[in-house]
Amino acid sequence: MSTLYEELSRVATYEYTREEVREFEVLHDEIRQLKKQRNAVIVAHNYYRPEILKVADFVGDSLELALMASKVHDADVIEFCGVHFMAETAKIVNPSKTVLLPNLMAGCQLADSAPAEDLVARIAELKGEFPDLAVVSYVNTTAAVKALSDIIVTSANAAKVVRTLPNKNILFVPDKNLANHVAQQVPEKNIIPWEGYCYVHQQITPEEISRIRSADPELEILVHPECRPDVAKLADAVLSTSGMVRWAKERPASRFLIVTECGLSDRLAMEVPDKTFLKGCKLCAFMKVTTLEDVRDSLLHMQYEMEVPEEIRVPAERALRRMFDVVG
C-alpha cells in the first residue's frame, strides 16, 4: 500500500514536502475524531485539494453530490467541501440537517452571473414570445434561482433532462457553453442561453489543446461541456467530471488529456496510478481556497452553517426532485 506522501507526490498540481504530509495526517486524525463526535459525513467535489479528498466520505461531481446529499439519513451534520451553491443544495434537500461550508470564500462566479432578480425580468420578457417557456437551470445556481426554475440539470444529465420536457422553448441558465452543448444534442428544442460562463473553463483555448495533442497524438482528450465550443470540438469525448472518471478507468487507453479544472486530474492520478493524466486545465480559486485546517475548524466550531428560507427552499427542492425523478 502506498503512503500518503507517495500518493500526493503523483499529483502535479501541488508539491508537498514530507513535513506537510505529516501535518495532513495529524489533521486527518483530528477530523476523523470530530466526525464521530458530531455524527458528521464529509462530502467533497472532484475539484477540491487532494489532501481533502483523502479524508472525505464521498467524492463526486455536482450530480453525484446532489444525489448523495438527498440520501443522507443517519448523519446529523453534512460537511460540504464544495462551493456555496453546492452546500445550499444539500440544505435544500436536507432541511433538518446541519450543513456546513468550511470556508465562506468558496463562492462561484458562474452562479453569481445569474442573479434571481435578473432571471425574473428575463422570464417576463420571454414569456410573451414563448408562452410554453420552461426555465432549466444548471445546478451551478443559487437557491433563489433554483426556486424560479421548472427543473434543475447537471452537466452529466442536461441533454437527457431537456429531451424529456414537453416544452419546445427552453431558457437555459446560466452557462452558455453547456447550453450550446445541449442544443447540439437536442436540436428539436429551441435553447435560449443565458450569457454566463465558468471563468475557469472559458480560459482554456483550442490552441492550448491542439499544441498538446500535436506533441502527443495518441492522447485521448476529455473535455468538460462548460468549455468553449471550439475546445469541445477537439475532444474525443465531452463529459461531466464523473463521466471522465468512468471513461479513464474503463478505456484501454493509458494516456489522457483532462480538460477541466485541475483538481480532477489530481483525483485520477491518485485513483488510477497506472495511467497518465496530462492537464489542459486551469485552477479554480474558489475550489482551492478551502484548506484541510478549514475542514477541521468547521467541524470543531460548527461553522459556517447554511440556511435557506422555506419560501425559497420548497420550490427549489421541487425543481431538484423533478431532476431526480428523471435520472432515477
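This is a short walk through two sheets, three helices, one cavity and one pocket of the structure above. Keep in mind that the model is predicted.

Let's start with the sheet that holds strand S9. Four strands form an open sheet here, in the order S10-S9-S11-S12, and the pairing is parallel. The edges are S10 and S12, the latter covering residues 276–279, and each of these two pairs on one side only.

Now the pairings, going across. S9, residues 220–223, meets S10, residues 237–238, over two bridges in the parallel sense. Val223 has Val238 in S10 as its bridge partner. On to S11, residues 255–259. S9 and S11 run parallel and are joined by four bridges. Across that pairing, Leu222 stands opposite Ile258. Then S11 to S12: four bridges again, and parallel. Ile258 turns up here too, with Lys279 in S12 as its bridge partner.

Which way do the residues of S9 point? Glu220 and Leu222 go one way, Ile221 and Val223 the other. In a regular strand, side chains alternate between the two faces of the sheet. Are these S9 residues buried or exposed? All are buried, and that includes Glu220.

Next, the sheet built around S5 and S7. It is open, has four strands in the order S6-S5-S7-S8, and pairs in parallel. S6 (151–153) and S8 (190–193) are the edges; each has a single partner strand, so one side of each has no neighbour in the sheet. On average, neighbouring strands here are turned by 30 degrees against each other, direction ignored.

One pairing in detail. S5, residues 134–138, joins S6 over three bridges, in the parallel sense. Tyr138 is bridged to Val153 in S6.

There is a helix on this sheet. H10, residues 176–185, lies across S5, S7 and S8. Its angle to S8 is about 170 degrees.

A residue to look at in S8 is Pro193. How exposed is Pro193? Its relative accessible area is 33%, which makes it partly exposed. Leaving aside residues up to four places away in sequence, Pro193 touches Phe172, Lys176 and Ala179. Of these numbers, 172 falls within S7, at 169–173, while 176 and 179 fall within H10, at 176–185. For a sense of scale, take Pro193 and Asp76. They are 117 residues apart in sequence, and their C-alpha atoms are 39 Å apart in space.

Now the empty space. How many cavities of 30 Å³ or more does the whole structure have? The search finds two. The largest cavity holds about 250 Å³. It is lined by 25 residues, and Tyr47, Asn140, His201, Glu226 and Met287 lie nearest its centre. Helices H5 (84–93), H6 (109–112), H11 (199–202) and H16 (285–288) are the elements that give two or more residues to this lining. H11 gives the most, with three. By class, the lining has 13 nonpolar, nine polar and three charged residues.

The largest pocket comes to about 240 Å³. Its lining has 18 residues. Ala156, Val238, Leu239, Ser240 and Arg246 lie nearest the centre. We have already met Val238, as the bridge partner of Val223. Elements giving two or more residues to the pocket lining are H9 (158–164), H10 and H14 (241–250). So H10 shows up again, as the helix that lies across S5, S7 and S8. The class split for the pocket lining is seven nonpolar, six polar and five charged residues.

Two more helices to finish. H15 covers residues 263–271. Eight of its nine residues are buried, so H15 is largely enclosed by the rest of the structure. Among the buried ones are Ser265, Asp266 and Arg267.

Last, H17, residues 292–301. Which of its residues are buried? Leu292, Asp294, Val295, Arg296, Ser298 and Leu299. Their cover includes helices H2 (18–38) and H3 (50–53), along with strands S1 (40–45), S3 (77–81) and S4 (98–100). Just past the end of H17, Met302 takes a positive phi of about 55 degrees.

Key. Residues are numbered from 1 along each chain as its sequence is written. This is a predicted model: local features need pLDDT of at least 70, side-chain atom pairs count only at pLDDT 80 or more; totals for chains, interfaces and linings use all residues. Side-chain values use heavy atoms; hydrogens and water are left out. Buried means under 20% relative accessible area, exposed over 50%, partly exposed in between (1.4 Å probe, protein chains only). Two strands pair if DSSP finds at least two bridges between them. On a 1 Å grid over the protein atoms alone, a cavity is a set of points where a 1.4 Å probe fits but cannot get out, and a pocket is an open set with protein on both sides within 12 Å along at least five of seven lines; lining residues have an atom within 4 Å of a point. Grid points are joined across faces, edges and corners, and a volume is the space filled by probe spheres set on the points. Ala, Val, Leu, Ile, Met, Phe, Trp, Tyr, Cys and Pro count as nonpolar, Asp, Glu, Lys and Arg as charged, and the others, Gly among them, as polar. Axes are lines fitted to C-alpha atoms, for helices over the stretch in contact, and angles run from 0 to 180 degrees between N-to-C directions. Contact means heavy atoms within 4.5 Å.
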